[in-house]
Amino acid sequence: MPSSPSKAGSTAKSKPKSKKAKTAPAAAPSRVEQARAAAESAVDVPVGAVLEVSDRVAELVEPFAGRSAAQKQLRSYGTQLRRTVKRSERRGAGVRRKATTEARKTRNKVEREARKRQRRVETTLKRNRSEVEQRVRRAIDEQTSRAQDLVDQVSDQFASLR
């Protein structure tokens, strides 16, 4: 039996023991109420679904009620389709242009880097070649000078023997 409002306020549970217990839980529904709610739901869901389908079919069929209305609706669909295709085309063209620009930038950057490396390699090769040529010339000059000194010594010794 439900208690009167005056008795409910005089119970020991009127004062919460912790901060979490401030909101009193709602009374659990009885089994009869649960069964009634389940039965209502079992009826309401299919009825609602049928009504939703009926509304959608009416929306689809309504524009085609008469010939002129159907032609008007078809023209509207054609216009919508053309707009959608144009929008998609513009988006695709924009992305294509952006990708082409990015590819061109990347190609130019790679080519610039390759030319820079090529110039660096060519400069290094020229410098190394010049250094090697100078070393070889010095070595040839030194050896030629030594050989000439030896020839002069041998000539002097040969001349002193005569």
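Which residue forms a salt bridge with Glu-133, the closest N and O atoms being 3.8 Å apart? Hold that thought while we look at the whole chain, and keep in mind that this is a predicted model.

Let's start with the overall layout. The chain has three helices and zero strands, so if you follow the sequence along, the pattern reads α-α-α. Of the 162 residues, just 2% count as buried. The accessible surface adds up to about 15600 Å², and carbon and sulfur atoms account for 57% of that.

Now for the charged side chains. Side chains of opposite charge can pair when their charged atoms come close. This structure holds six salt bridges, and a few of them are worth a walk-through.

Back to the opening question: the partner is Arg-137. Arg-137 and Glu-133 are four residues apart in helix 3, which means about one helical turn separates them. Glu-133 also meets a second arginine, since the side chains of Arg-129 and Glu-133 form a salt bridge at 3.1 Å, N to O. This pair, too, lies in helix 3 (residues 67-161), with four residues, or about one turn of the helix, between the two positions. Put together, Arg-129, Glu-133 and Arg-137 make up a network of salt bridges.

How open to the outside is this trio? Arg-129 counts as exposed because its relative accessibility is 58%, and the cut-off for exposed is over 50%. Arg-137, with a relative accessible area of 48%, is partly exposed. Glu-133 is partly exposed as well, at 31% relative accessibility.

Helix 2 has a salt bridge of its own to look at. Here Arg-56 pairs with Glu-52, and their closest N and O atoms are 3.2 Å apart. The two are four residues apart in helix 2, so about one helical turn lies between them. Arg-56 is exposed, with a relative accessible area of 53%, whereas Glu-52 is partly exposed at 41%.

Stay in that part of the sequence for something without charge. Val-53, Val-57, Leu-60 and Val-61 make a nonpolar surface patch of about 370 Å². One of these residues, Val-57, sits in helix 2, which covers residues 31-61. Why does Val-57 count as partly exposed? Its relative accessibility is 44%, and partly exposed residues are those that are neither under 20% nor over 50%. Val-57 can belong to the patch because patch residues need over 30% relative accessible area and no salt bridge.

Terms used. Residues are numbered from 1 along each chain as its sequence is written. This is a predicted model: local features need pLDDT of at least 70, side-chain atom pairs count only at pLDDT 80 or more; totals for chains, interfaces and linings use all residues. Side-chain values use heavy atoms; hydrogens and water are left out. Patches are made of residues with over 30% relative accessible area and no salt bridge: like charges are joined within 9 Å, nonpolar side chains (Val, Leu, Ile, Met, Phe, Trp, Tyr) within 5 Å. Accessible areas come from the Shrake-Rupley method with a 1.4 Å probe; for residues, only the protein chains shown count as cover. A salt bridge is a side-chain nitrogen of Lys or Arg within 4 Å of a carboxyl oxygen of Asp or Glu. Buried means under 20% relative accessible area, exposed over 50%, partly exposed in between (1.4 Å probe, protein chains only).
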